[in-house]
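This report walks through a few features of one structure, moving from ring pairs to the core and then to the empty spaces. Please keep the sequence and the model at hand while reading.

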Amino acid sequence: MAGERTLASAWTSGPNHFNLLRLIAAWLVIYGHAWAITGTPGGDLFARATQVKFAGAIAVDMFFVISGFLIAASLQRNTVRGYLASRALRILPALVVCVALTVFVLGPWMTHSEHYWSAETWRYLWSNATLWRAEFHLPGVFDTLPQTAVNGSLWTLPVEGRLYLLLLGASLVGVLTAKRYLVPWLLVLAGIVGFALWRAPLPDWLLNDLWCVAFFVTGTAAWLWRAHIRLSWMPIVALLIVAALLRGSPWFAAPYFALIAYGTLWLAFAPVPPRLAHHDLSYGLYLYGWPAAQIVQTFSPGPPLHNVLWASVLALALAAASWFLIERPALQFKRRFGTRTPIESPARPTHA
């Protein structure tokens with residue numbers, strides 16, 4: 001039908017809401033973790049509504065849809081050098097600073113251990129800062145709280161880093177085209193579903209990794225087929241109805257997956273006035289949200305919403321400092337690598 005919006009036309013026609021969506025998702029991680037961090041039984045509104053996913057898990061799923069879409073766009077318009085530089089400059093400087101502050105400032109301040117400067121501490125620094133693997137504990141830090149992890153949100157970053165490299169590999173072997181991507185995408189999804197059914201129940205860490213992969217490769221598929229994907233509110237309503245009907249059953253995962261994948265991109269291009277076109281505080285909010293909540297729980301323990309309020313204030317202040325002092329200055333170096341990725345954010349249209 002003439003005049004129908006597609007992902008492609010929405011991408012090229014004006015600003016989008018990726019920065020705002022990612023900021024909301026980063027805050028949902030803080031909100032969703034508050035029950036675990038405060039040791040409060042039950043869960044957030046999303047956990048009660050879906051009976052499967054709490055707010056933080058839904059937010060991570062949204063992050064990976066957005067990442068698959070935007071990273072594929074970045075890869076198609078950049079050289080290998082430019083692509084790797086863009087990814088490294090966006091992820092590593094803020095992460096290294098966050099991890100260093102955690103090890104050299106937060107740790108010595110909060111530890112109860114006389115053996116803080118141990119192999120465990122240096123492993124935390126090296127493994128997290130290099131995206132080798134997520135390490136969660138420092139000696140004597142937060143070890144009396146309901147959750148002892150220093151920064152439980154870091155687990156997604158090594159997964160994301162590996163997916164960046166796998167996507168580059170797919171591009172180098174010629175798979176990253178609309179025609180050639182269909183079979184690998186379907187095989188990945190079928191493999192994930194088959195493996196999950198075969199080895200059920202999976203440990204949480206592995207199940208979470210598989211969800212991330214599924215949403216990332218689907219976000220990439222959406223970028224490659226953007227000219228054929230129509231944006232309409234009707235599929236959203238239909239998927240909500242199906243999800244509601246299947247809530248509590250093993251079949252809920254299918255409409256949930258489709259709703260998050262399609263709904264995230266539909267929201268990103270919703271035809272309403274754009275916000276946050278030049279600043280992206282979401283990464284910093286994600287990095288500092290968990291430790292901020294742990295600090296609040298240490299000095300001002302209370303119910304979940306009390307923790308959410310003060311953790312949000314503290315984490316947002318740290319996120320602003322991270323963006324203006326670390327992330328945005330680092331992104332200025334993109335031009336030295338010949339990148340064609342927007343310096344500040346993807347919230348302005350760019351042409352592949």
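## Ring pairs, core and empty space

Because Y31 and W35 are four residues apart in helix α2, about one helical turn separates them. The model is a predicted one, and in it Y31 and W35 are both buried. Their rings form an aromatic pair that is edge-to-face, with 5.3 Å centre to centre and 90° between the planes.

A second pair can be set beside this one: F195 and W198 also form an edge-to-face aromatic pair, and these two residues lie three residues apart in helix α8 (residues 178-198), which is about one turn of the helix. Are F195 and W198 buried or exposed? F195 is partly exposed, because its relative accessible area is 28% and the range for that class runs from 20% to 50%, whereas W198, with a relative accessible area of 64%, counts as exposed because exposed means over 50%.

The geometry of the two pairs is set out here.

| Aromatic pair | Centre to centre | Angle between the planes |
|---|---|---|
| Y31 and W35 | 5.3 Å | 90° |
| F195 and W198 | 6.1 Å | 70° |

The structure holds 25 aromatic pairs, and ring pairs also link W11, F18, F69, W223 and F269 into a cluster.

Several of these aromatic residues return in the nonpolar core. The largest nonpolar core has 109 residues, and those that touch the most other members are F18, F64, F69, F215, F269 and L287. Helix α4 gives the largest share of this core, with 15 residues. Which residues is F64 in contact with, leaving aside its neighbours within four places in sequence? They are T156, V159, E160, L163, C212, F215 and F216.

Helix α6, which spans residues 119-129, has T121, Y124, L125, S127, N128 and A129 among its residues, and these six names are listed as buried. The buried residues of α6 pack against α5 (80-110), and just after α6 the residue L131 takes a positive phi of about 65°.

The empty spaces come next. The second largest pocket holds about 520 Å³ of space, and two or more residues of its lining come from each of α2 (18-38), α3 (45-50), α4 (55-77), α10 (233-246) and α11 (253-268). Its lining is made up of 22 residues, and F46, I58, L240, L259 and I260 lie nearest the centre of the pocket. Helix α11 supplies the largest share of this lining, eight residues. By class, the lining of this pocket divides into 18 nonpolar residues, three polar and one charged.

Cavities of 30 Å³ or more number two in this model. The second largest cavity has a volume of about 30 Å³, and the elements that give two or more residues to its lining are α2 and α12 (282-299). Which residues line the second largest cavity? The lining consists of V29, I30, H33, I37, G289, W290 and A293, and the largest share, four residues, comes from α2. This lining divides into five nonpolar residues, two polar and no charged.

Helix α2 therefore appears in more than one part of this account, since Y31 and W35 lie in α2 about one helical turn apart, and α2 also gives four residues to the lining of the second largest cavity.

Methods:
Residues numbered from 1 in each chain as written. Predicted model: local features only at pLDDT ≥ 70, side-chain atom pairs only at ≥ 80, totals over all residues. Heavy atoms only, no water. 1 Å grid on protein atoms, 1.4 Å probe; cavity = no way out; pocket = protein on both sides within 12 Å on 5 of 7 lines; lining within 4 Å. Points joined across faces, edges and corners; volume = space filled by probe spheres on them. Nonpolar A, V, L, I, M, F, W, Y, C, P; charged D, E, K, R; others polar. Buried < 20%, exposed > 50% of the residue type's maximum accessible area, 1.4 Å probe, protein only. Contact = heavy atoms within 4.5 Å. Core = buried A, V, L, I, M, F, W, Y, C linked by side-chain atoms within 4.5 Å. Phe/Tyr/Trp six-rings, centres within 6.5 Å; stacked < 30°, edge-to-face > 60°.
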